[in-house]
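Biologist: Got a minute? I'd like to walk through this fold with you.
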Amino acid sequence: MNNSIPVHVSLIMDGNGRWAKERGKDRVFGHIEGVESVRACVESAIESGVKYLSVYAFSEENWNRPQAEVDALMGLMVKAMAAEMDKLDRNGVRFIVIGNRERLAPELVATIDSCMARTASNETLTLVVFLSYSGKWDILQAAKKMIAEACTCPERLNDMMNMGVGGFDAYLATAGIPDPDLIVRTSGENRLSNYLLWQSAYSEFLFVDTLWPDFRKNEFREALEEYAKRERRYGKVK
Ligand code: IPE
Ligand code: IPE
Ligand code: MG
């Protein structure tokens with residue numbers, strides 16, 4: 001396998017609001033246009049041989065946005081999933097949503113579950129949507145899962161105390177998904193905004209000025225080209 005092609009590319013989709021503002025439109029217009037960028041990146045990922053594509057769609061902190069914008073975003077998620085699922089399934093895409101479901105509307109949860117079940121055996125590309133997600137939430141829920149397990153199965157405690165970092169991976173919401181090789185953030189912001197804190201330990205980062213609705217196939221391919229130039233050392237000497 002060609003090591004210059006990342007197995008897992010993750011996208012922090014930022015800049016929808018500014019994109020809309022530049023055009024004198026409501027922020028929601030930018031989110032709607034942003035769905036097109038997701039579609040383009042999925043196609044480009046498949047064409048390039050990327051096996052996992054993940055997108056940060058809504059952070060736990062994004063619940064603090066005006067209710068009208070939150071409602072519009074949640075409505076857009078349901079609509080986009082319903083509209084895209086036939087094509088995703090036909091193209092061999094396994095669809096997964098990861099995040100804190102507590103505040104998601106029942107209709108959205110039902111749509112997510114049916115899309116995940118329908119595409120579960122697809123193998124061409126895994127598309128992960130991080131929704132109501134935060135890195136700190138993920139690490140905390142993993143710790144709570146371990147505590148609950150230790151309480152119900154005290155005989156497991158010894159193994160758990162001897163566990164390495166790989167063992168902890170299994171408790172994270174991302175269990176089974178390889179850590180991202182490349183994380184791209186659009187819109188010129190140089191921060192992680194509580195994204196994959198644990199999983200990004202050795203990710204390559206790329207920050208681009210392009211606003212998310214303008215990030216299409218060419219921009220995705222350029223990101224892969226930039227990744228191919230990076231030398232990953234994992235602390236060793238090359
Ligand atoms: C990214 O675009 C979408 C979400 C975070 C849901 P923004 O809505 O953050 O757009 P800007 O950063 O305000 O331009
Ligand atoms: C990060 O974008 C979250 C997503 C892309 C879903 P934000 O726009 O919410 O991040 P901050 O507030 O600028 O850090
Ligand atoms: Mg933003």
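Modeller: Sure, let's talk through the sheet, a helix, the cores and one tyrosine; keep in mind that this is a predicted model.

Biologist: Okay, how many strands form the sheet, and in what order?
Modeller: There are 6 strands in an open sheet, ordered 3-4-2-1-5-6, with parallel pairing. At the edges sit strand 3 (93–98) and strand 6 (204–207), each pairing on one side only. From one strand to the next, the twist averages 20°.

Biologist: How many bridges join strand 3 to strand 4?
Modeller: 6 bridges, and the two strands run parallel. Ile98 stands opposite Phe130 in strand 4.

Biologist: And which strands does helix 2 touch?
Modeller: Helix 2 (residues 27–48) packs on the sheet and touches strand 1 (8–12), strand 2 (52–59), strand 3 and strand 4. Its direction makes about 145° with that of strand 4.

Biologist: What span should helix 2 have, going by its residues?
Modeller: It has 22 residues, and at 1.5 Å a residue they should span 32 Å. The end C-alpha atoms are 31 Å apart, so that agrees.

Biologist: What's going on at the ends of helix 2?
Modeller: Asp26 caps the N-terminal end, with a side-chain oxygen 3.0 Å from the backbone nitrogen of Val28. Just after the helix, Gly49 takes a positive phi of about 85°.

Biologist: Which residues in helix 2 are buried?
Modeller: Quite a list, including Gly34, Val38, Cys41 and Ala45.

Biologist: Switching topic: which residues have the most contacts inside the largest nonpolar core?
Modeller: Leu11, Leu53 and Leu131, in a core of 42 residues. Helix 3 (residues 67–90) gives the most to this core, with 8 residues. Apart from that core lies another one, of 13 residues, with Tyr56, Phe130, Tyr133 and Leu196 among them.

Biologist: What is Leu11 in contact with, leaving aside its neighbours in sequence?
Modeller: Skipping those within four places, its contacts include Cys41, Leu53, Val184, Trp212 and Phe220.

Biologist: Last one, Tyr171. Buried or exposed?
Modeller: Tyr171 counts as buried because its relative accessible area is 8%, and buried means under 20%. It lies in the loop between helix 7 (165–169) and strand 5 (182–185).

Biologist: What does Tyr171 contact, then?
Modeller: Beyond four places in sequence, its contacts include Gln141, Lys145, Glu149, Arg156 and Met163. A polar contact of 3.4 Å joins the side chains of Tyr171 and Arg156. As for Glu149, Tyr171 is 22 residues away from it in sequence and 11 Å away in space, C-alpha to C-alpha.

Terms used. Residues are numbered from 1 along each chain as its sequence is written. Chains are lettered from A and ligands numbered from 1 in the order in which they are written. This is a predicted model: local features need pLDDT of at least 70, side-chain atom pairs count only at pLDDT 80 or more; totals for chains, interfaces and linings use all residues. Side-chain values use heavy atoms; hydrogens and water are left out. Two strands pair if DSSP finds at least two bridges between them. Helices (H or I, at least four residues) and strands (E, at least two) are DSSP runs, numbered from the N terminus. Axes are lines fitted to C-alpha atoms, for helices over the stretch in contact, and angles run from 0 to 180 degrees between N-to-C directions. Contact means heavy atoms within 4.5 Å. A nonpolar core is a set of buried Ala, Val, Leu, Ile, Met, Phe, Trp, Tyr and Cys residues joined through side-chain atoms within 4.5 Å. Buried means under 20% relative accessible area, exposed over 50%, partly exposed in between (1.4 Å probe, protein chains only). The expected span of a helix is 1.5 Å times one less than its number of residues. A polar contact is a pair of N or O atoms within 3.5 Å; within protein, one must be able to donate a hydrogen and the other to accept it, and residues adjacent in sequence count only if both atoms are side-chain atoms.
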